[in-house]
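Let's take a walk through this structure together, starting from a single residue and working outwards. Keep the 3D view open and turn it as we go.

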Amino acid sequence: MAKKNDLKSGAFRDASMAMCALVAAADGKIDPSERQRVAQLIFSNEVLQNFPAEDLQRRFDDNLNKLTADFDFGKVSVLQEIAKTKKKPAEARAVIQIVIGGADGDFDATERAVVRDACFALGLPPHEFDL
């Protein structure tokens, strides 16, 4: 994983919260436990501590709102946000690794599918992350 100090860009911040929202909304419903997991990730992940927690939560919620209003259009918007890190491979990999590392151990087929979509948006081979 890239060094914590290398992951301070706005694009990384936005993409990581977009990725968390995409996985949380993958099955079409947002469980309170999924929101709790993201809150715990924001609190405990060293890299995400580079950013104010309230800012990360707002970005996560904004992405969730897009996805719950219209999943297909929201997904396009969220994947575009994620793709902004494509030109920096360390950031792109970290966006995927954060969500995989923050998974609850129950990484279901729909969640794996949206992470694969994100890999394609980033130009990363999904098999690199066992997807």
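**Starting from a leucine**

L41 counts as buried, because its relative accessibility is 12%, and the cut-off for that label is under 20%. This is a predicted model, so a word on confidence belongs here too: where pLDDT is low, the predicted coordinates should not be read in detail. The mean pLDDT of this protein is 90, and 92% of its residues reach 70 or more. Among the elements, helix 4 (residues 71-83) has the highest mean, 96, and helix 2 the lowest, 88.

Helix 2 is also where L41 sits. It covers residues 32-44, 13 residues in all, and reaches 18 Å from its first C-alpha to its last, close to the 18 Å expected at 1.5 Å a residue. Which residues of helix 2 are buried? They are E34, V38, L41 and I42. Look down the axis of helix 2 and you will find these buried residues within an arc of 100°, so they line one face of the helix. The general rule behind such a pattern is that an α-helix has 3.6 residues a turn, so residues three or four places apart point the same way. Turn to the face of helix 2 that looks away from the buried side, and you meet the exposed residues P32, Q36 and F43. On the buried side, the packing partners are helix 1 (10-24), helix 3 (53-69), helix 5 (89-101) and helix 6 (109-122).

One of those partners, helix 3, has 17 residues and spans 24 Å between its end C-alpha atoms, close to the 24 Å expected at 1.5 Å a residue. Its buried residues are D55, L56, R59, F60, D61, N63, L64 and L67, and what covers them includes helix 1, helix 2 and helix 4.

Now for the interior. The largest nonpolar core has 41 residues, and those with the most contacts inside it are F12, M19, I82 and I96. Helix 1, helix 2, helix 3, helix 4, helix 5 and helix 6 each give two or more residues to this core. Helix 1 provides the largest share, ten residues.

F12 is worth a pause. Its relative accessibility is 0%, so F12 counts as buried. How many aromatic pairs does the structure have? The count comes to one. F12 and F51 form this pair, with 6.4 Å from centre to centre and 35° between the planes, which makes it tilted. The pair links distant parts of the chain: F12 belongs to helix 1 and F51 to the loop between helix 2 and helix 3, 39 residues apart. F51 is buried as well, because its relative accessible area is 11%.

F12 also appears among the contacts of V95, a residue of helix 5. Beyond its neighbours within four places in sequence, V95 touches F12, A15, S16, M19, I82 and T85. With a relative accessible area of 0%, V95 is buried. The C-alpha atoms of V95 and R13 are separated by 8.8 Å, although their positions lie 82 residues apart along the chain. Next to V95 in the numbering is I96, whose contacts, again leaving aside neighbours within four places, are M19, V115, A118, C119, L122, L124 and F129.

Several of those names lead us to helix 6, where E111, V114, V115, A118, C119 and L122 are buried. Seen down the helix 6 axis, the buried residues fall within an arc of 155°, so they line one face. They pack against helix 1, helix 2, helix 4 and helix 5. The exposed residues A109 and F120 are carried on the face turned away. As for its length, the 14 residues of helix 6 should span 20 Å at 1.5 Å a residue, and its end C-alpha atoms are 20 Å apart, which agrees.

Just after helix 6, G123 takes a positive phi of about 70°. The segment that follows this helix also holds D130, a residue other than glycine whose phi is positive, near 60°. For context, most residues other than glycine have a negative phi. Is D130 buried or exposed? Its relative accessibility is 64%, so D130 counts as exposed.

D130 brings us back to where we began: L41 and D130 are 89 residues apart in sequence, and their C-alpha atoms are 21 Å apart in space.

Technical notes. Residues are numbered from 1 along each chain as its sequence is written. This is a predicted model: local features need pLDDT of at least 70, side-chain atom pairs count only at pLDDT 80 or more; totals for chains, interfaces and linings use all residues. Side-chain values use heavy atoms; hydrogens and water are left out. Helices (H or I, at least four residues) and strands (E, at least two) are DSSP runs, numbered from the N terminus. The expected span of a helix is 1.5 Å times one less than its number of residues. Buried means under 20% relative accessible area, exposed over 50%, partly exposed in between (1.4 Å probe, protein chains only). The arc is that of the directions from the helix axis to the C-beta atoms. Contact means heavy atoms within 4.5 Å. Rings of Phe, Tyr and Trp (its six-membered ring) pair if their centres lie within 6.5 Å; planes under 30 degrees apart count as stacked, over 60 as edge-to-face and the rest as tilted. pLDDT is the predictor's confidence in each residue, from 0 to 100. A nonpolar core is a set of buried Ala, Val, Leu, Ile, Met, Phe, Trp, Tyr and Cys residues joined through side-chain atoms within 4.5 Å.
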